[in-house]
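Me: I'm new to reading protein structures, and I'd like a close look at a single loop residue and what lies around it. Could you start there and then work outwards in plain words?

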Amino acid sequence: MKSVLLAAASVVALASSSLAQPAAQPSASNLEKLTSFQSTGTEEPRPIPQEGRRADALRRNLERIKLPAGFKIDLYAVVPDARHMAVGPNAGVVFVGTRKNNVYVVTDRDKDRVADEVKQFAPSIAFKIPNGVCFSRDGMLYVVEQNRVLQFPAAEFFYEGPDVAAFVVTKQGDLIPPSEESFNHTARVCRVGPDNKLYVALGQPFNVPPKDKMELYKRTGIGGIIRMDQDGKNREVYATGIRNSVGMDFNPADRTLWFTDNQVDGMGDDQPPGEINRIANMGQNFGFPHYGGGTVRTVEYKDDPVPAGVVAPQAEMDPHAADLGMMFYTGRMFPQTYQGGIFSAQHGSWNRTKPIGARIMFTPLKADGTADKPQVFAEGWLTENGEYLGRPVDVAMLPDGSLLVSDDTAGAIYRISYEGR
């Protein structure tokens with residue numbers, strides 16, 4: 001009996017002692033540690049294999065790709081789920097976003113224009129749909145997730161180890177209201193403009209949004225493009241009336257922002273058209289949801305008056321080809337015909353009776369700076385029987401002027417170069 005009482009007393013004393021202790025402080029998150037330049041203890045991730053059956057199969061598929069005379073396409077890197085790309089301004093290291101939870105970094109150490117190493121970037125950070133990656137001119141890398149924006153100073157130099165300097169520009173839940181988070185149209189893209197501000201496209205989650213959402217979306221920039229200082233301050237809505245832009249770039253000739261936009265689904269195979277648009281001034285409206293693409297009215301808003309001053313597309317693209325990443329070509333490798341024009345990626349249709357897309361387009365500009373007629377530049381990822389061998393997502397330029405093409409279906413990045421006739 002005595003031993004039982006002693007045991008009970010010990011339990012009470014232990015409990016009292018534990019209750020008297022101060023509450024354990026929560027440990028700092030990995031992101032907080034990186035912000036303070038502290039190690040997270042994360043192990044170096046294993047590189048993605050660059051040779052073997054998969055790489056060989058990708059090279060065989062590239063034999064089907066048709067290009068203008070003098071151009072050729074090669075496998076640059078095997079990168080799982082490769083989406084949007086950002087080429088570092090200092091060393092030409094390529095950072096690659098995904099619609100999953102990883103960002104990858106691609107290194108060509110010997111500069112033979114084939115990647116030597118592909119591995120996870122900042123593996124200690126729990127990313128959520130880190131699709132959008134972009135650089136400032138002074139080497140700041142931005143990663144735009146579904147509902148957060150992160151900044152990585154000197155990413156081209158810190159990436160060699162698993163711990164990288166990282167800072168929060170827009171904290172989780174502040175990019176859009178958490179109630180509007182969705183699995184649909186949630187792949188963000190970004191650019192740092194000539195004004196050194198950060199621009200972010202915010203696709204809205206519906207095919208066509210209900211009317212009771214419109215005021216919220218207009219106020220927060222959902223279904224539009226927002227801009228902010230690079231530290232996240234002074235956020236403002238830059239453009240509205242956009243359904244889901246997953247590609248944009250500034251024209252260096254006049255500093256205007258151009259963007260692709262995906263049209264409304266469910267209106268038939270041949271309407272409405274996809275778009276390439278140009279923002280001449282802040283505050284412009286590009287017509288959605290009153291227009292589903294081009295001048296085709298949506299069923300849901302066909303009886304509503306169109307807002308005054310709606311801006312028409314610079315170029316109409318094939319319906320449902322899914323125009324995504326785009327860039328102005330500023331290199332010198334390609335012939336004069338292509339210099340200053342727009343390369344853009346068509347991901348390919350998902351619900352068209354006869355599939356279309358999965359190709360790279362080129363849109364030249366006229367002397368007055370407006371868009372001329374788009375033309376097919378590279379195709380062959382969509383077979384005659386409607387099978388996708390790959391689906392291009394984004395385009396980017398290496399320092400030598402060659403063109404990179406990302407492909408999230410094949411999990412690869414290709415390089416297009418010009419060798420003359």
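Reply: Happy to! Let's begin with Pro 355, which counts as partly exposed at 29% relative accessibility. Buried means under 20% and exposed means over 50%, so a value of 29% falls in between. Please keep in mind that this is a predicted model.

Where does Pro 355 sit? Its place is the loop between strand 22 and strand 23. Leaving out residues up to four places away in sequence, Pro 355 touches Ser 349, Leu 382, Gly 386 and Tyr 388. You can also follow the chain from Pro 355 to Glu 384: they are 29 residues apart in sequence, while their C-alpha atoms are 9.6 Å apart in space.

Now look at Ala 358, also placed in the loop between strand 22 and strand 23. Is Ala 358 buried or exposed? With a relative accessible area of 1%, Ala 358 is buried, because that value is under 20%. Its backbone deserves a glance too: phi is about 55 degrees, a positive value, although Ala 358 is not a glycine.

The two strands that border this loop lead us inwards. Strand 22 (342-346) and strand 23 (359-363) each supply at least two residues of the largest nonpolar core. That core has 27 residues, and those with the most contacts inside it are Phe 334, Phe 343, Ile 360, Phe 377, Trp 381, Tyr 414 and Ile 416. Helix 3 (53-62), strand 24 (375-379), strand 26 (403-407) and strand 27 (412-418) are among the other elements that each give at least two residues to this core. Which strand gives the most? Strand 1 does, with 4 residues.

Ile 416 is a good place to see how this core brings together parts of the chain. Setting aside its neighbours within four places in sequence, Ile 416 is in contact with Leu 67, Phe 71, Lys 72, Ile 73, Phe 334, Phe 377, Ala 378, Ser 402, Leu 403 and Val 405. A second, separate core has 21 residues, including Val 93, Phe 95, Ala 155 and Ala 166.

Next, the empty space. Rolling a probe the size of a water molecule over the atoms shows where such space is left. The largest pocket holds about 790 Å³ of space. It is lined by 28 residues, and Val 87, Phe 135, Arg 191, Val 192 and Asp 249 lie nearest its centre. Its lining divides into 18 nonpolar, 5 polar and 5 charged residues. Strand 25 gives the most to this lining, with 4 residues. Strand 2 (85-87), strand 6 (132-135) and strand 10 (189-192) are among the strands that each supply at least two.

The second largest pocket has a volume of about 530 Å³. Nearest its centre are Arg 99, His 185, Asn 244, His 347 and Trp 350, out of 25 lining residues. Here the lining splits into 7 nonpolar, 12 polar and 6 charged residues.

Some other loops are worth visiting as well. Like Ala 358, Arg 255 has a positive phi without being a glycine; for Arg 255 the angle is near 70 degrees. Arg 255 is found in the loop between strand 14 and strand 15. Whereas Ala 358 is buried, Arg 255 is exposed, with a relative accessible area of 53%.

Two cis peptide bonds can be found in loops too. One joins Gln 271 and Pro 272, with omega about -10 degrees, and Pro 272 lies between strand 15 (257-261) and strand 16 (274-279). Another runs from Phe 288 to Pro 289, with omega near 5 degrees; Pro 289 lies in the loop between strand 17 (284-285) and strand 18 (291-293).

Finally, how does the UniProt record label part of this chain? An unreviewed UniProt entry places the feature "domain: Glucose/Sorbosone dehydrogenase" at residues 179-344. In the model, that span is 4% helix and 31% strand, and its end C-alpha atoms lie 32 Å apart.

Notes. Residues numbered from 1 in each chain as written. Predicted model: local features only at pLDDT ≥ 70, side-chain atom pairs only at ≥ 80, totals over all residues. Heavy atoms only, no water. UniProt positions renumbered as here; feature names shortened; annotations may be inferred. 1 Å grid on protein atoms, 1.4 Å probe; cavity = no way out; pocket = protein on both sides within 12 Å on 5 of 7 lines; lining within 4 Å. Points joined across faces, edges and corners; volume = space filled by probe spheres on them. Nonpolar A, V, L, I, M, F, W, Y, C, P; charged D, E, K, R; others polar. Core = buried A, V, L, I, M, F, W, Y, C linked by side-chain atoms within 4.5 Å. Buried < 20%, exposed > 50% of the residue type's maximum accessible area, 1.4 Å probe, protein only. Contact = heavy atoms within 4.5 Å.
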